[in-house]
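Please work through the exercises below with the sequence and the model open beside you. Each task is followed by a solution that proceeds step by step.

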There are 2 protein chains.
Amino acid sequence: MMTKDYSRLKINPQRFQSNFKALSQIGATTAGGVNRPAFSEAHLFARAWFREQILRSGLEFYMDGAANHSGVFRSSKANALTLLLGSHLDSVPHGGRFDGALGVLAALEVLQTVQESHIDLPYNLEAIDFTDEEGLLHGDFGSSALTGSLKTEELSSINGGTERLSFCLSLFGKSPEDLLSARRDPTALAGYLELHIEQGSRLKNSGIPIGIVTAIVGVGSYRIKFIGRADHAGTTSMQERRDAAQGAAAFIQAVRQLVIRDYPDSVANVVWLKTYPEALNIVPAEVELGLEFRSPDSPKLRELERALLALAKSAAQQSGLGLEMISMSLHEPIQTSEQMQELIRTTAHQMGFSTLDLISGAWHDAQMLAPICPTGMIFIPSENGSHSPLENADWNDCVRGANVLLQAALQASLT
Amino acid sequence: MMTKDYSRLKINPQRFQSNFKALSQIGATTAGGVNRPAFSEAHLFARAWFREQILRSGLEFYMDGAANHSGVFRSSKANALTLLLGSHLDSVPHGGRFDGALGVLAALEVLQTVQESHIDLPYNLEAIDFTDEEGLLHGDFGSSALTGSLKTEELSSINGGTERLSFCLSLFGKSPEDLLSARRDPTALAGYLELHIEQGSRLKNSGIPIGIVTAIVGVGSYRIKFIGRADHAGTTSMQERRDAAQGAAAFIQAVRQLVIRDYPDSVANVVWLKTYPEALNIVPAEVELGLEFRSPDSPKLRELERALLALAKSAAQQSGLGLEMISMSLHEPIQTSEQMQELIRTTAHQMGFSTLDLISGAWHDAQMLAPICPTGMIFIPSENGSHSPLENADWNDCVRGANVLLQAALQASLT
């Protein structure tokens with residue numbers, strides 16, 4: 001095994017790019033991105049396309065009980081562990097071409113390159129496309145099922161309920177009962193590596209081609225309802241009103257001010273979900289907001305949570321409004337494996353690429369894998385954020401990232 | 001005609017109240033109000049009930065091309081003019097029991113009382129229930145058609161388009177072509193009188209039972225869109241964001257501050273209509289607001305309009321956002337007839353009721369009638385605003401108002 005020196009082996013950049021172009025056509029939007037929410041027609045088509053590439057390459061295709069799609073390149077070694085490489089093919093509604101898709105294609109490209117080079121590794125390589133990372137049903141749905149962190153009791157609180165869950169899984173011939181079977185034995189996993197665009201501007205701004213993710217922020221979310229009174233908007237004086245929109249607007253502004261002033265490492269986002277009644281001649285009686293907040297360490301996440309809820313209370317109080325707050329989710333921050341960080345650093349430096357240690361502000365399947373096996377993430381520079389049709393990455397950076405993934409996968413046994 | 005002195009004639013308070021209770025059951029909500037939007041099942045049922053009362057009383061029933069429903073008590077005089085008394089039976093979604101309904105029932109009660117007393121007036125009395133005052137299709141739909149202010153060219157811009165218009169009218173066996181026939185010859189109208197709850201607290205607070213409406217405020221409305229950029233809410237720093245919600249929230253708060261500070265006679269209402277994309281992990285790229293503003297005189301209405309648009313521009317600018325503003329409607333303030341004001345004042349004082357001159361902050365069918373015939377409005381005290389299930393009026397005040405309407409209708413020829 002691995003008798004030759006493969007440290008100069010590279011992926012096939014033409015095939016990688018042609019695959020990227022083909023995949024970007026599936027669910028393509030006129031805005032230049034893709035619209036491939038999990039379980040949509042475009043998502044199903046993208047997964048069918050992925051499966052076809054796997055089978056055509058002579059790799060083994062495998063789908064687990066959570067409908068995660070995998071291509072497998074087996075080691076000749078008996079009872080070999082598996083090194084997972086992957087990401088996801090679903091997008092947010094009207095999202096971009098790179099988020100998730102790049103990592104799945106790079107994983108596929110690594111397996112194809114290793115196979116063509118007839119390399120026999122001491123572990124299986126598995127290129128995995130996780131189901132519903134973006135959380136149509138549940139954030140990191142497929143990776144949660146694989147790691148066993150999606151509990152049976154959570155299934156009833158899934159977005160859209162169990163009927164929707166059943167329907168979505170049935171699209172892949174699976175049922176909620178199959179979900180448990182997706183759980184992998186952690187001792188059979190050698191680790192997990194994921195290539196992803198940064199979705200931020202630190203690499204781009206610093207001119208460094210490879211980011212090494214040291215931690216992924218924790219994320220919490222709430223539904224917050226401000227409750228006033230429906231009054232005639234022509235006959236009720238401004239002073240008499242209990243306008244739910246005033247409290248909500250004050251909260252939206254205060255959240256931004258608080259985070260900028262007191263939590264420079266954290267972020268928060270407020271999305272206005274509902275006004276009731278929705279009539280121009282009625283003072284809004286109820287406004288429902290969605291709040292999401294992220295922080296890189298656990299105590300700060302809790303502190304930020306408390307500060308945000310206090311803001312909502314004070315905004316409601318100052319506008320004479322009632323308030324309801326429901327916690328929707330809370331995911332703790334995680335650290336990636338130092339061994340995997342070092343592996344990525346070493347291989348990148350071997351290729352002459354400088355690296356930057358980064359904390360990921362976004363949620364990834366890696367967050368689910370980190371607690372059960374050595375997990376590493378490689379970021380490449382991107383621009384125009386992400387979850388947007390405008391998200392973009394330089395193709396040379398994508399190739400550099402895929403080559404680092406390849407070399408990290410090849411050298412994982414040496415660490 | 002009118003040889004006897006009927007100045008002490010009163011309506012039948014038991015019948016009036018029993019009718020009010022019966023009508024309040026139609027579309028009744030558990031919150032204590034009614035949900036009778038125009039063309040809903042409850043609205044159709046309420047109008048069928050009204051028609052039945054008209055026919056049972058031996059009054060003449062009449063429906064015009066805009067589906068306005070009328071009961072008519074004819075004068076024996078040849079070519080008699082018609083004095084219209086009325087309001088509307090539709091409510092806003094989840095509205096209250098009094099707004100509109102009280103005026104229609106009082107008009108019906110007046111006709112029944114006059115008929116029972118065998119009074120031959122020198123003009124016809126018509127109790128009219130105007131179609132869709134609350135503006136499901138178009139504000140003051142029925143009264144606009146009757147007065148000829150609803151123009152053929154406006155029909156294509158009706159809420160929901162011409163297909164919905166056709167469907168709604170077909171529920172009453174009418175079509176858009178019939179609308180023109182609803183137009184009345186202004187020279188055939190002796191005037192219009194409407195009884196309504198104040199929908200504000202000035203009468204209630206002052207303890208005065210009868211309000212005389214001297215003017216109805218003008219109303220304008222806009223759709224305002226703040227345009228930012230969809231970014232990943234985890235990876236984009238607060239400083240980098242172009243968050244459409246920030247501009248919209250700043251605008252909502254600034255509108256309230258401006259009106260309270262500089263336009264004490266005016267009001268404005270902002271309703272959040274849409275966030276795009278509506279995902280917690282994406283920074284809002286677009287927010288659409290509805291803005292409505294009201295002012296008692298024309299120059300102030302224009303000045304307020306300019307000041308509000310300037311606020312939106314400055315809110316967008318300060319958050320680095322684009323802006324689109326579309327004018328949806330502008331209705332000029334109107335004055336009621338001085339002759340009708342004096343008629344209401346005199347009859348109320350004859351009955352020993354003190355009166356208060358008021359400007360109506362709400363839109364009424366009277367606004368449409370005022371330009372074409374002598375128009376007067378009687379307000380009675382109410383509480384908890386209106387357009388709300390909580391709107392309420394003391395039943396004794398309702399009876400006082402109906403008696404003033406009766407006497408004003410009887411004495412209209414003397415003015």
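**Exercise 1. Characterise the interface of chain B and chain A, beginning with how many salt bridges the rule finds across it.**

Step 1. Across the interface of chain B and chain A the rule finds 0 salt bridges, where a salt bridge requires a side-chain nitrogen of Lys or Arg within 4 Å of a carboxyl oxygen of Asp or Glu. The model is a predicted one, in which local features need pLDDT of at least 70 and side-chain atom pairs count only at pLDDT 80 or more, while totals for chains, interfaces and linings use all residues. Residues are numbered from 1 along each chain as its sequence is written, chains are lettered from A and ligands numbered from 1 in the order in which they are written, and side-chain values use heavy atoms, with hydrogens and water left out.

Step 2. Polar contacts are present at this interface: 20 residue pairs, both residues at pLDDT 80 or more, meet the rule, which asks for a pair of N or O atoms within 3.5 Å, one able to donate a hydrogen and the other to accept it within protein, with residues adjacent in sequence counted only if both atoms are side-chain atoms.

Step 3. The elements that give two or more residues to the side of chain B touching chain A are helix 7, strand 8 and strand 9 of chain B, helices (H or I, at least four residues) and strands (E, at least two) being DSSP runs numbered from the N terminus.

Step 4. By class, that side of chain B has 24 nonpolar, 24 polar and 10 charged residues, with Ala, Val, Leu, Ile, Met, Phe, Trp, Tyr, Cys and Pro counted as nonpolar, Asp, Glu, Lys and Arg as charged, and the others, Gly among them, as polar.

Step 5. In contact terms (heavy atoms within 4.5 Å), 58 residues of chain B meet 58 residues of chain A. The area buried between the two chains is about 5000 Å², of which carbon and sulfur atoms give 57%; buried area is the accessible area (1.4 Å probe) that two parts lose on being put together, summed over both. M238(B), R256(B) and L280(B) supply 15% of the area that chain B buries against chain A, more than any other three residues.

**Exercise 2. Determine the order of the strands in the open sheet of chain B, and what lies across it.**

Step 1. The 4 strands follow the order 8-9-7-10 with antiparallel pairing, two strands being paired if DSSP finds at least two bridges between them. The edges are strand 8 (267-276) and strand 10 (322-331) of chain B, each pairing on one side only, and the twist averages 15° from one strand to the next.

Step 2. Strand 8 and strand 9 (residues 286-295) of chain B pair over 9 bridges, and W272(B) has L289(B) as its bridge partner in strand 9.

Step 3. Helix 7 (residues 244-262) of chain B lies across strand 7 (218-227), strand 8 and strand 9, at about 175° to strand 8, with axes fitted to C-alpha atoms, for helices over the stretch in contact, and angles from 0 to 180 degrees between N-to-C directions.

**Exercise 3. Locate P277(A) and P277(B), and describe the peptide bond that precedes each.**

Step 1. P277(A) is in the loop between strand 8 and strand 9 of chain A, and the bond from Y276(A) to P277(A) is cis, with omega near -10°.

Step 2. P277(B) is in the loop between strand 8 and strand 9 of chain B, where a cis peptide bond joins Y276(B) and P277(B), with omega about -10°.
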